[in-house]
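Dear colleague,

I am passing on the structure we spoke about, and below it you will find my notes on what came out of the analysis. Please read them with the structure open beside you.

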Amino acid sequence: MATTTLEPRAGSYHRSWVLDWLTTVDHKKIGILYIVNSFLFFFAAGFLALLIRSELAVPGMQFLDQNTYNQAFTMHGTIMIFLFVVPVLAGFGNYIVPLQLGAPDMAFPRINALSFWLLPLGGLLIFSGYLFGGAAAEGWTGYAPLTSDRFAPGVGTDLWIIGLALVGTASIMGAINFIATIFKMRAPGMTLMRMPIFVWTILVTATLILLATPVLTAGLIALFIDRNYGGSFFDPAVGGNPILWQHIFWFFGHPEVYIVILPAMGVVSEILPVFSRKPLFGYKAFVFATVAIGLLSFSVWAHHMFTTGAVFLPFFSFMTALIAIPTGIKMFNWLGTLWRGKLILATPMLFSLGFLSMFLIGGISGVMLASPPIDFHVQDTYFVVAHLHYVFFGGSVFGVFAAAYYWFPKMTGRKLNEPLGKIHFWIHFIGFNLAFFPMHQLGLSGMPRRIGDYSPDAGWTILNMVSTVGAFMIAVSIIPFLINVVATLINGEPAGDNPWEGNTLEWATTSPPPPHNFDRLPPIHSERPLFFLTQGHGHAVERPEDLVEEEIVDEKPGDIERRPKDLV
Amino acid sequence: MQPTAPRNRLRKMLRVGIPVLLTVLLAGCLLPPDPKTEAGRDVFNLYLVVLALAAIVFIGVEGFILYAVFRYRRKPGDDVLPEQLHGNNKVEVVWTLIPTVIVLVLFVVSIMTLNEVEARSENPGVTIEVQGFQWSWNFVYEDGPTIGPRGNEPPELAVPVGEPVRLILTSDNVIHAFYVPQFLLKRDMVPVNENGTPNDIEFVVSEAGTYAGQCAEFCGTDHAGMVFTVNAMPRADYDAYIAAIEDGETPPTGGGDCETTIDISANNTRFDIDEFEVPADTAFCIAFENLEDVPHNVAILSGSEALFEGSFLNEAGSIIYEVPALPAGDYTFVCQAHIQAMAGTVTVTE
């Protein structure tokens, strides 16, 4: 009898890199997939924004007809929120959270892959309406009964519902994964109050997603039943209540705002201390403020509904005003971090300072909108458009770019080019303000949102033109960013393990990290476990106990190669 | 005195210049339109208070960020760590109190204004049902006519000035919103099921004039085209307007474009023309410009009976009068404040 000799399958076997990326369950690769996918959707939705701004530059309909315009702003809003800002921050979370916790991966790597792959699927379903007689055109808020089959018979709206339900399911799974990872996979010594602030914001964000998104999913299913199976949840003609949709949508939608802004706040709270060379001022207050914002965010949804005449105004006005308090605390803590620091104005820091100054404007206009009489005037006008872009774009997207410049060296081992980054920042910053600041005045003068045309007599022409110029500047600013990314990937300056002298654990491993993340971990006695190791020699010692602990670090031979070089 | 170093001078200029610049910018813009209703005036004043608070916060925080960027920038080669300050409880309590006080003040003044805006009178002067549909409006007068879109013209909502006007806002299709920017007021028009009550609003227009209005809640394809005008006029004109519509006539001050527009200006208590000619049985417009701060108007008289009385311009300014159709014949036009000095002839020809 012949015998079969089995070849030992030791070592790695060859797999095509495409298959590798398609089947990966490594949180770092999934994180990069999240980020790349989100940016592709960002460019698509940004292109729609340019169409919108081109149409609005002067009165009259020049490029689009009304229907195409309505589809454009609906898709722009939906894609930007659900397929760009939320998932791109989830992507950074995916990459960074296990590293900052000192964990080898997320708690559920396969669910992690699934929750990513549902995103492009959902996004393409939402977009595919364009192939079937027109995408959804009812605004990203999809107010009933405009979304009923009577007023929106097209299949585009059904695809929008299904796509959003998938994306929502993906983020619910992602949220569970984050919560499990954060509670169960922290490195020894990392108590909750020693977690990096970015992880805290992701934890609160994930909790918000877990509590809010199922409500939207339920609403979407109810809407689908209304449209396709003769339901009557939202259509008053058959006994439904259109205000019910608004309650459901905003019960999700307002926490969604914090889902989008909290991780960006976390990014900025990582970057400001590192580039000011100081700890975050008031870490504990910052954690409590984050949790307070998360809690309050569930009691303010109806401030989107002041003009419906269907909500108790004083309560929602009061709760909304209250959110300004924890937000104000955060702002002061950031300013306190800058105070007497030694500021290094590298690109991540510029975007973080941009975040502070732009998010401030969005916060102020938000407090103004909390006042019902003022809201009666500016609700559904360009004032609201200005406000939400100062929060989403001036806040979250500035945070996204700050994160991109900050963690790019960790992800690729190469540092993005600083001069190009600064060019990007300044064109971006000026373009952003040109595009969105004039919208405050447009709204105050009464220009409603979601109109493709306006009267030449209304006096809105000049400001709209300025805004359009700004929008194109933002688009132009992306060019140096893309050049920078490509050029750096091809031939960038090697970054080393810790190019920014960061103090959190992701900087304690190589750039990029090995598949299992860490060979060894430093002792963790504060929210800045690397501080003593990178800065302690000859400088101020953060905590006296660090000195003692340093000597009892359990160090095996062979760990040395994997140690960050600064430590050796 | 020591000469100021250029760096210090720059800093000084920034310190003084930026707040001044921002204050001018904020004062020059970021304002709602001049309100034309009584409650609108309250909202405007509330807005000024809120804007002032906003400006203080804005200038304070942005100013600190700029200050920090210039003052605390790391100098090249400086490797000494700054003091590792983890926090300060006293300071943190203080800056928790600052936003608390601001938002409480804001809340109290907002609710006070809200009560003004939401006040309802026992007996409003007129009650009009506003019906929104895709994509225009019907104005249904209580015990009176219904006015809808007229061809390509936006529908016109006629209201009397100086008395409470109540609007019942209804829709039997999708949600619309009634919005007149110069009233600083909008309210959704929500289709209700059998258990619901429609929204209503009430306002007192303080100044006669024509104000643009528009649907503010996205309502489908031609949302942008869903416009209307509010024509606020004195009670007597309002009654005549409604009566004319009930008789099936063109409203006496019906808006829209004029086929004929006569330009008249007033200066030194004189009109610039002393006669003009218009076609018979056709409404026309008078573009009247007052060049001095003396009250003037234009009225058209048949003998001593006024067929048309334009509202007064009490100071320099201009206005378009929409004059109803006149039968053929000769009339006079005058300024009713200066009948002797300011008069001329109107010839209405077949």
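What percentage of the 350 residues of chain B count as buried? The figure is 33%, and, like everything else in this message, it should be read with the caution that the model is predicted. The secondary structure of chain B consists of four helices and 19 strands, and, among its contacts with a separation of 6 or more, 63% are between residues that stand 24 or more positions apart.

Turning to where the two chains meet, 75 residues of chain A are in contact with 68 residues of chain B. On the side of chain A that touches chain B, at least two residues each come from α3 (66-101), α7 (242-276), α8 (283-296), α9 (313-338), α10, α11 (372-378) and α13 (418-444), and it is α9(A) that gives the most, with 14 residues. By character, the residues on this side of chain A are 41 nonpolar, 26 polar and eight charged.

Within chain A, I also looked at one pair of helices, α10 (residues 347-369) and α12 (residues 382-412), whose axes come within 8 Å and cross at roughly 160°. Because angles over 145 degrees count as roughly antiparallel, α10(A) is roughly antiparallel to α12(A). The crossing in which α10(A) passes α12(A) is left-handed, and the residues of their contact comprise 16 nonpolar and ten polar, with no charged ones.

With best regards

Terms used:
Residues numbered from 1 in each chain as written. Chains lettered and ligands numbered in written order. Predicted model: local features only at pLDDT ≥ 70, side-chain atom pairs only at ≥ 80, totals over all residues. Axes fitted to C-alpha atoms, helices over the stretch in contact; angles between N-to-C directions. Parallel < 35°, antiparallel > 145°, perpendicular 65-115°, else oblique. Left-handed = near helix turned anticlockwise from the far one by under 90°. Nonpolar A, V, L, I, M, F, W, Y, C, P; charged D, E, K, R; others polar. Contact = placed C-beta atoms within 7 Å. Buried ≥ 20, exposed ≤ 12 C-beta atoms within 10 Å, placed from the backbone.
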